[in-house]
Amino acid sequence: MKKKQLIRFFIGIGAIVLLNFLANQFFFRIDLTEDQRYTIAPATERLLEKLEEPVFITVYLEGNDIPPAFKRLRTTVKEKLEEFTAYAGNNIRFRFEDITQETDKKKLNERIYNLIKKGIQPTNLVDKEGGSTVERLIIPGAMVSYEGKEAPVMLLRGNQRTKGLSSEQILNQSVENVEYELASAIRQLTNKERKRIGIIQGYGNLRPIQMADMITSLQKFYDVFLVPMQKQPELKGLDAIIVAKPDSAFSEEDKYKIDQFIVNGGKALFFVDALKSDTILRGESTLLIKNDLNLDDLFFRYGVRLNDNVIQDLTSSGAIPMTVGNMGSQPQVKLMPWRFFPLVNTFSKHPIVRNLDAVYLHYVGTIDTVKAVGIQKTPLMFTSPYSKVNAVPAQIDFNEARLNPDPRQYRAGPQSVAYLLEGKFHSLYANRITQVDPRFKMFKEYGNPSKIIICSDGDLPANEIDPKTGKPAALGYDQFMNTTFANKDFILHAVDYLIDENGVIAARAKEVVLRPLDKLKVQEERLQWQLINLVLPIVVIVILGLIRAYWRKRKYAV
């Protein structure tokens, strides 16, 4: 008997050792949650497994008095970093630091100022506790360090003013974006194989200073070049091109270069205006006419049509300063809604635009799709359901900002203003290039799969210029509303997806379902659930104890 027990003991020990050996050899994790919240995107796994040196992450979202909603965000960050270490091992090292506990006010202010300079913005939360107002300083950010380089990460993403969402919804979106924000910062610091992006010049495009913030932001991940089209025999050597606000017609030669670049698998991002301002009449109005760029046939062949119109948005628009009267001898200036500048906050569920803040557009037109065999067309951005479409030529009277609009005129519904096109594109020049043409040998009618994005607003990538200093402002910042919109995020996500659709951008597709409690029902059934959770377990234990005592008494009674 004793021999059999020893054999079983050693068999058990052997089984445990074997299981540990197999677990070390064959690593796997199983996520049993409904929304797969603990599952890391494959691209993030590859990024972490390829780390050659340790990445240090300091998270500043810490403290004992953090509100419960932010504790959920903190817990998500901690869980995500623990998942990162499962794939990267010792090459991911993280810690949480609460700098608000610094008692020396001067040192605290210096540390906060340094974080702000590096790109981490603190947040002041105002709560009411016991009838008094309590203000808390929260730092929802992290600093990622690698080989002496640093990249800031904002963990709280969202703007109630631009999105119109509740604080719970914004925090939930931040939870969904944690993996992408952290992985994107690690990628920025560790990326050694940099793709090449060309910004097309030569057709009245935006000047470099008007694209300064876009260029600077792209340079964190890619090599960026200004490309004078007329001087380039071809666009080979580039992975993607950006065409930003041209105002003159492309030559057939240069259009052919763009066509063959896309057909051969090159990626492209077009920000083009279907209309342009012809003249300003006495400073009170402007005349919008068709902007002939000689690109209509190219876009039509690829599957979209930019319509010659301009959209007004009744419920979601920007503002411009207007003189509404005089206060004594001084003019009284007030910000008035300008419905020709839509604030787009309706998006598809594509990773490029998922959980994106509002994007600020100027004089944008509608986009329709047309038949293009083998091309998948995905709308990305829409105006609000309360839109009005104006045909051209259109005289825009600035005094319209003073007038109360007629809601009955704004019933056109949501209008698409940006499209993603994917597939094998059919060249516009098929059947045009003959054998006697010197380009015939290199010409391709169908080529490699590619992707392009077309947006009907040329101003989306343009940053404002400070009139006093002459320096560029942040992309998406509007001086009149003193708000920064998500124009830059849209461009970065778009380029990321175009160049590598299976990259870390895929992490933005993660969805964590928000399941809020019914506050009214909670209030009505509060006592009932308190009794069930607190009293019922005690009653059950007492009853079981009495039954057991009675059973023992019966069993052992003489």
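**Exercise 1. Find the bridge partner of T58 in β5.**

Step 1. Start with the strands, which are DSSP runs of E with at least two residues, numbered from the N terminus. T58 has M143 as its bridge partner in β5.
Step 2. Widen the view. β1 (residues 55-59) and β5 (residues 141-146) run antiparallel and are joined by four bridges. Two strands pair if DSSP finds at least two bridges between them.
Step 3. Place the pair in its sheet. The order is β2-β1-β5-β6, an open sheet of four strands with mixed pairing. β2 (92-96) and β6 (149-154) are the edge strands, each pairing on one side only.
Step 4. Add the helix. α3 (residues 68-88) packs on the sheet and touches β1 and β2. Contact means heavy atoms within 4.5 Å.

This is a predicted model: local features need pLDDT of at least 70, side-chain atom pairs count only at pLDDT 80 or more, and totals for chains, interfaces and linings use all residues. Residues are numbered from 1 along each chain as its sequence is written, and side-chain values use heavy atoms, with hydrogens and water left out.

**Exercise 2. Decide whether S456 is buried or exposed, and describe its surroundings.**

Step 1. Locate S456: the loop between β24 (450-455) and β25 (477-478).
Step 2. Check its area. S456 is buried, because its relative accessible area is 1%. Buried means under 20% relative accessible area, exposed over 50%, partly exposed in between (1.4 Å probe, protein chains only).
Step 3. List neighbours. Not counting residues up to four places away in sequence, S456 touches several residues, including V272, D273, Y363 and G365.
Step 4. Look at the side chain. It reaches the backbone oxygen of G365 at 2.6 Å.

**Exercise 3. Classify the ring pair of F94 and F96.**

Step 1. Apply the rule: rings of Phe, Tyr and Trp (its six-membered ring) pair if their centres lie within 6.5 Å; planes under 30 degrees apart count as stacked, over 60 as edge-to-face and the rest as tilted. The count comes to 13 aromatic pairs.
Step 2. Read the geometry. The centres of F94 and F96 are 6.2 Å apart and the planes stand at 85°, so this pair is edge-to-face.
Step 3. Compare exposure. F94 is partly exposed at 26%, whereas F96 counts as buried at 17%.

**Exercise 4. Find which parts the pair Y256 and Y429 ties together.**

Step 1. Classify the pair. Y256 and Y429 are edge-to-face, 5.3 Å centre to centre with 80° between the planes.
Step 2. Locate each ring. Y256 lies in helix α8 (residues 252-263) and Y429 in the loop between β23 (416-423) and β24, so the pair links parts 173 residues apart in sequence.
Step 3. Check burial. Both Y256 and Y429 are buried.

Note on methods. Axes are lines fitted to C-alpha atoms, for helices over the stretch in contact, and angles run from 0 to 180 degrees between N-to-C directions. A polar contact is a pair of N or O atoms within 3.5 Å; within protein, one must be able to donate a hydrogen and the other to accept it, and residues adjacent in sequence count only if both atoms are side-chain atoms.
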